[in-house]
Amino acid sequence: MLDTILTLSPTVNPRFSRNRLDSSLPPILLIAAGVIVLAVVLFAAVKIFAGGSGYMKPIKYLEKGFNKRDIKTIQKAFADSGEISPDIFEGFEELGDIIDYKIKLEVVDKEKIAKREIEDVLIEDFYVNEIYAKNASAMYILEVEMTLEMGEYSEDDTEEIPVAKINGKWVIPESFGYVF
């Protein structure tokens with residue numbers, strides 16, 4: 001009777017067994033799939049938790065550029081990345097010696113400008129060229145606290161700095177560059 005039961009029971013193909021890993025997939029594919037899933041999850045987390053703070057990039061470029069005395073980094077903050085004179089650092093030179101200084105830029109407040117108002121605000125309030133204003137898809141007016149530290153000396157100032165997303169890149173509109 002036991003022989004009959006064993007004969008009648010269905011055979012299980014070990015290849016489709018639930019207890020066995022499918023060895024037909026090379027381990028490299030499993031690792032690659034894991035890396036891709038991890039990358040997608042990390043990208044989504046950064047987008048969600050960073051709050052889309054790309055508007056901070058121009059401020060960070062300014063701070064880094066001034067502190068490293070790097071004109072190319074400062075140029076990244078502006079829409080046109082035009083020529084910035086090396087004379088911009090002249091105020092920090094004394095009889096040929098460079099004064100040690102540090103500039104801190106901290107955004108203390110921000111105002112998001114409605115999409116329908118961006119062009120008018122850029123042109124009328126900040127005297128930005130119409131070409132840049134028409135290409136702006138998003139805009140904030142940042143209240144930035146600027147601190148200059150030179151040894152024991154420290155000076156603070158607060159400025160409103162417009163940042164706009166022009167042609168997909170967050171920048172300070174070119175016409176605003178006169179502040180610096």
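**Why the labels fit: a helix across a sheet**

Guide: Helix α3 lies across β3, β4, β5 and β6, and runs at about 170° to β3. This is a predicted model, where local features need pLDDT of at least 70 and side-chain atom pairs count only at pLDDT 80 or more, while totals for chains, interfaces and linings use all residues. Residues are numbered from 1 along each chain as its sequence is written, and side-chain values use heavy atoms, with hydrogens and water left out.

Visitor: What makes something a helix or a strand here, and how many of each does the protein chain have?

Guide: Both are DSSP runs numbered from the N terminus: helices are H or I over at least four residues, strands are E over at least two. By that rule the chain has six helices and six strands. From the N terminus they run α-α-α-α-β-β-β-α-α-β-β-β. As for the 170°, axes are lines fitted to C-alpha atoms (for helices, over the stretch in contact), and angles go from 0 to 180 degrees between N-to-C directions.

Visitor: What makes β3 and β6 edge strands?

Guide: Look at the order first: the open sheet of four strands goes β3-β4-β5-β6, with antiparallel pairing. β3 (102-112) and β6 each have a single partner strand, so each has one side without a neighbour in the sheet. Neighbouring strands are turned by 30° against each other on average, ignoring direction.

Visitor: How do you know that β3 and β4 pair, and how many bridges join them?

Guide: Pairing requires DSSP to find at least two bridges between the strands. β3 and β4 (residues 136-150) have ten, running antiparallel, so by the cut-off of at least two they pair. Within that pair, Asp109 stands opposite Glu143 in β4. Next door, β4 and β5 have 14 antiparallel bridges, with Glu149 partnered by Ser154 in β5. Three bridges join β5 to β6, again antiparallel.

Visitor: Why is Ile59 called buried?

Guide: Buried means under 20% relative accessible area, exposed means over 50%, and partly exposed is in between (1.4 Å probe, protein chains only). Ile59 has 2%, so it is buried. Ile59 sits in helix α3 and touches Leu105, Val107, Leu142, Val144 and Ile161, leaving out residues up to four places away in sequence. Touching, or contact, means heavy atoms within 4.5 Å. Ile59 and Val144 are 85 residues apart along the chain, yet their C-alpha atoms are separated by 8.6 Å.

Visitor: What makes a group of residues a nonpolar core, and which members of the largest one touch the most others?

Guide: A core is a set of buried Ala, Val, Leu, Ile, Met, Phe, Trp, Tyr and Cys residues joined through side-chain atoms within 4.5 Å. The largest has 21 residues, and Tyr55, Leu62, Leu105, Leu142, Val144, Val163 and Ile172 touch the most other members. Elements giving two or more residues to this core are α3, β3, β4 and β5, with β4 giving the most, six residues. A second, separate core has 14 residues, including Val121, Phe126, Ala133 and Ala136. In soluble globular proteins, nonpolar side chains tend to be buried together.

Visitor: What makes the phi of Asn167 stand out?

Guide: Its phi is near 50°, a positive value in a residue other than glycine. Most residues other than glycine have a negative phi. Asn167 lies in the turn of the hairpin that β5 and β6 form, with two residues between the strands. With a relative accessible area of 62%, Asn167 counts as exposed. Arg69 is another non-glycine with a positive phi, about 55°, and lies in the loop between α3 (57-68) and α4. At 31% relative accessibility, Arg69 falls in the partly exposed class.

Visitor: How do you know that Thr73 makes a polar contact, and which side chain does it reach?

Guide: A polar contact is a pair of N or O atoms within 3.5 Å; within protein, one must be able to donate a hydrogen and the other to accept it, and residues adjacent in sequence count only if both atoms are side-chain atoms. The side chain of Thr73 meets the side chain of Asp70 at 2.6 Å, so the pair is inside the 3.5 Å limit. Thr73 belongs to helix α4 (residues 71-75) and, at 8% relative accessibility, counts as buried.
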